[in-house]
Amino acid sequence: MSTIMPFAADATLLSDVTAAVKTAGATLRDRHTSHTRGVTMDEVVGEIHANDEAVLDVLREPLLRARQGSQWAEDELAGGALPPGEWWVVDPAEGNINHVHGMDDWAVTATLVRDNQPVLTVVHLPLTGDTYTAVAGGGARLNDRPLKVSAKTDLGAALIGTGQAKPGEDERTFRRIGDSVTAMLINGLVVRVSVPATMQLIHVAAGRMDAFWQFSDVRSGLVAGALLVSEAGGTVTDLTGEPWNTGSRDFLAAAPGIHGAALKVLSPIA
């Protein structure tokens, strides 16, 4: 079977994926509390794993059934290029750490990656009911409204974001995050440092934020936002300025008017 599928077929698949992700989102919503669950590290990790397992129980099979021949990327914290073909890259609780601490910044995401490029994505926010979707070549939407990135051209007026990709990254990565935040505080207007990446990238796609960068190749936190931003008219590259794919070492998604300026600030640090 060819790995090339026309846009029309991807668009048809989107409705099935959206339904599956919304159903999974209801499961995660029912597990949410307004208080922290877990005190020790073991307790917090146990709650995180329980969230993942509960959502995957209702999400995995519908996605694999919706796209015959697709494969499942098992490790949500993995990075690097995938083998050729079509893969589901899913985060059953994007922002899981926020969920188990009683916060609101979390979502369920499912992205179809074809030959290391995201081609279809659904990001559902169960607490608000909002659903962000994109199909390669078909634009990005929030519910039924088309999305468009910011029109800003001055980095000095930009609201920019970053964050860590996962706990326990190496010290060099943490120092680069710190150095890059300092550089952007000098050159931008405001810098947000938070997790998860997808929750910032939906703001970039919607034009609420102007750029997001990350020193990481964790796929599950980037593929959905990369497609949403690019389909909303943004520019998505690595920190050398090359087009981003799942094999890239780092990430920058920005409004076209400030992408070059942001890259100039960040590339020496990368």
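This is a walk through the two domains of a predicted model, the interface between them and the salt bridges found in the structure.

Let us begin with the overall layout. The chain falls into domain 1, covering 12-146, and domain 2, covering 155-269. If you place a centre in each domain from its C-alpha atoms, the two centres are 20 Å apart. Where the domains meet, 41 residues of domain 1 contact 23 residues of domain 2.

How much area is buried between domain 1 and domain 2? The figure is about 2400 Å², and carbon and sulfur atoms give 63% of that. On the domain 1 side, three residues are worth picking out in your viewer: Leu77, Glu94 and Tyr132 supply 21% of the area that domain 1 buries against domain 2, more than any other three residues.

Next, consider the polar side of this interface. The rule finds 12 residue pairs in polar contact across the interface of domain 1 and domain 2, with both residues at pLDDT 80 or more. Salt bridges across the same interface number 0.

Which elements build the side of domain 1 that touches domain 2? At least two residues each come from strand 2 (86-94), helix 3 (96-100), strand 3 (107-114), strand 4 (117-125), strand 5 (130-135) and strand 6 (140-142). Strand 4 gives the most, with 7 residues. By residue class, this side of domain 1 divides into 22 nonpolar, 13 polar and 6 charged residues.

Now let us turn to the salt bridges, of which the structure holds 8. A good place to start is Arg114, which sits in strand 3. Is Arg114 buried or exposed? With a relative accessible area of 9%, Arg114 falls under the 20% cut-off and so counts as buried. Its side chain makes a polar contact with the side chain of Glu86, at 2.7 Å.

Another pair to look at is Arg60 and Glu74, whose side chains meet in a salt bridge with an N to O distance of 2.9 Å. Arg60 belongs to helix 2 (residues 41-66), while Glu74 is in the loop between strand 1 (71-72) and strand 2, so this pair ties together parts that are 14 residues apart in sequence. Arg60 is partly exposed at 27% relative accessibility, whereas Glu74 is exposed, with a relative accessible area of 56%.

The salt bridge of Asp210 with Lys152 has its closest N and O atoms 3.0 Å apart. Asp210 lies in the loop between helix 5 (197-205) and strand 10 (211-214), and Lys152 in the loop between strand 7 (145-146) and strand 8 (159-162), so the pair ties together parts that are 58 residues apart in sequence. Asp210 is buried, with a relative accessible area of 1%, while Lys152 is partly exposed at 32% relative accessibility. Elsewhere, salt bridges that share partners join Asp10, Arg67, Glu86 and Arg114 into one network, which brings us back to the strand 3 residue Arg114.

One more pair completes the tour. Asp30 forms a salt bridge with Arg29, and their closest N and O atoms are 3.9 Å apart. Here Asp30 counts as exposed, at 61% relative accessibility, and Arg29 as partly exposed, at 38%.

Note on methods
Residues are numbered from 1 along each chain as its sequence is written. This is a predicted model: local features need pLDDT of at least 70, side-chain atom pairs count only at pLDDT 80 or more; totals for chains, interfaces and linings use all residues. Side-chain values use heavy atoms; hydrogens and water are left out. Domain bounds come from an automatic or database domain assignment. Contact means heavy atoms within 4.5 Å. Buried area is the accessible area (1.4 Å probe) that two parts lose on being put together, summed over both. A salt bridge is a side-chain nitrogen of Lys or Arg within 4 Å of a carboxyl oxygen of Asp or Glu. A polar contact is a pair of N or O atoms within 3.5 Å; within protein, one must be able to donate a hydrogen and the other to accept it, and residues adjacent in sequence count only if both atoms are side-chain atoms. Helices (H or I, at least four residues) and strands (E, at least two) are DSSP runs, numbered from the N terminus. Ala, Val, Leu, Ile, Met, Phe, Trp, Tyr, Cys and Pro count as nonpolar, Asp, Glu, Lys and Arg as charged, and the others, Gly among them, as polar. Buried means under 20% relative accessible area, exposed over 50%, partly exposed in between (1.4 Å probe, protein chains only).
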